[in-house]
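User: Got a minute to go through this model with me? I'd like to start with the pockets.

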Amino acid sequence: MPRLLLLFVVALICVFYSASVAPYAQEMPRFDGSCSVAVGPNDTPYFLCRDTVNCWIMEFAQGTAENIGEVENIELLRIGPDGAMYGIARNTSDLAKVLRVSPGGDYEVVCDQNDERITDNISARRNIVFSGLCIDREGNIYVGDSGNGWLIKVSVNGDVQRVVGIDPIFEGAGEGARIVEESKGLADGPGNSARLFNPSQLAAGPRGEIYISEGSNGIVRMYENGEVTTIAGAIGSDGQSRSGFRDGPAHNALFSYWLTGIVVDNDGNIFVIDQGNGCIRQITWNSDEGMYYVYTLAGSPKNKEIGMGGTGYDATDKDGTGFEASFDSAWFDLAVDSNKNLYMTKKTGFIVRKVTWMGLVSSFDVS
């Protein structure tokens, strides 16, 4: 083949290849690490991007992503009603902290695990692992502790208190202390006797109530007026939760033991990532029947069963509407705007998904 003709054929192949690949590449935001998401008071999504070295904030406004600056190394991004940014800092060689951060690197410690106002039990404080984080409409901060099964409140005036949970019982003292009776578990009731197991993530509702996704119990709890209530998820006669997949009346609904991101829209609808079932579940109050109902907004556990192009046990990510969409098992964070659009991010992944109130799932680029 003449050389000029050969070059023309190669160039033509490259053009067709680029045209076929580019649209998909543009739909996939690329980060060199994990990503968290929050929606600000101005309804603008902000994305916390982390790699092994840096941590920075991307603002996604009017379809354009802009890096607005580096922040202290945090794992979750949350935004208060005044626009202030908060996150959880966890380091194996340092204390777990809740930080108020600013693009540019400035930060302020809101509370840390060694705060005696949480508990005077030193061994229990060593056991604290900050997990979920949310800020209510008054500016009060709530943080979950998956190490002890606690919910901790930092009031607007700076007071710190444990509002849900009890102390574990230890044998011995110091770093060698051993737990002989766990504080974690499943018990509703007043905060000073209620038990949580793994408060994965938190969301503040319109009344100031706090919703808790419990990964290890596979249920959704609510804290309001000092009381903890299970609002969704089946619990057997033995007092233990049940796992699986079932929509319907919330007290009979089934989730996986792998719940993560949770948010509440302005109408009080609750959305939670059901990682184990590969879908987004919606929990809505039915005023006619006086109970919550659970629906599946997008995704399906059947997508995980057949692999959806994967290796037979996990779904691959696929856009679409309702059950047509699929999610792999890395989705962990969730935010919602005033138009009921959900934004999802991965802890170990590189794309952002948008889910409308009608269950339409798409990917978009903030890189």
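**Pockets first**

Analyst: The largest pocket holds about 720 Å³ of space. The model is predicted: local features need pLDDT of at least 70, side-chain atom pairs count only at pLDDT 80 or more, and totals for chains, interfaces and linings use all residues. Residues are numbered from 1 along each chain as its sequence is written, and side-chain values use heavy atoms, with hydrogens and water left out.

User: How are pocket and volume defined?

Analyst: On a 1 Å grid over the protein atoms alone, a pocket is an open set of points where a 1.4 Å probe fits, with protein on both sides within 12 Å along at least five of seven lines; lining residues have an atom within 4 Å of a point. Grid points are joined across faces, edges and corners, and the volume is the space filled by probe spheres set on the points.

User: Which residues lie nearest the centre of the largest pocket?

Analyst: Val 39, Ile 79, Ile 135, Val 264 and Val 336, out of 31 lining residues.

User: And which strands supply the lining?

Analyst: β1 (35-39), β5 (78-79), β9 (130-135), β16 (199-204), β21 and β26 (331-336) each give at least two residues. Strands are DSSP runs of E, at least two residues, numbered from the N terminus.

User: What's the lining by class?

Analyst: 18 nonpolar, six polar and seven charged. Ala, Val, Leu, Ile, Met, Phe, Trp, Tyr, Cys and Pro count as nonpolar, Asp, Glu, Lys and Arg as charged, and the others, Gly among them, as polar.

User: What volume does the second largest pocket have?

Analyst: About 340 Å³. Its 21 lining residues include Ser 200, Gln 201, Thr 260, Phe 332 and Lys 347, which lie nearest the centre. The lining divides into eight nonpolar, ten polar and three charged. β16 and β21 each supply at least two of the lining residues here too.

User: Switching to sheets. Where does β21 sit in its sheet, edge or middle?

Analyst: The open sheet runs β20-β24-β23-β22-β21, with antiparallel pairing. β21 (259-264) is an edge strand, as is β20 (248-249). Two strands pair if DSSP finds at least two bridges between them.

User: How many bridges between β22 and β23?

Analyst: Five. One bridge partners Ile 270 with Ile 283 in β23.

User: Which regions should I distrust?

Analyst: Residues 3-32 stay under 50 in pLDDT, the predictor's confidence in each residue, from 0 to 100. Residues 307-313 also stay under 50. Where pLDDT is low, the predicted coordinates should not be read in detail. The protein's mean is 85, and 84% of its residues reach 70 or more.

Technical notes:
Helices (H or I, at least four residues) and strands (E, at least two) are DSSP runs, numbered from the N terminus. Contact means heavy atoms within 4.5 Å.
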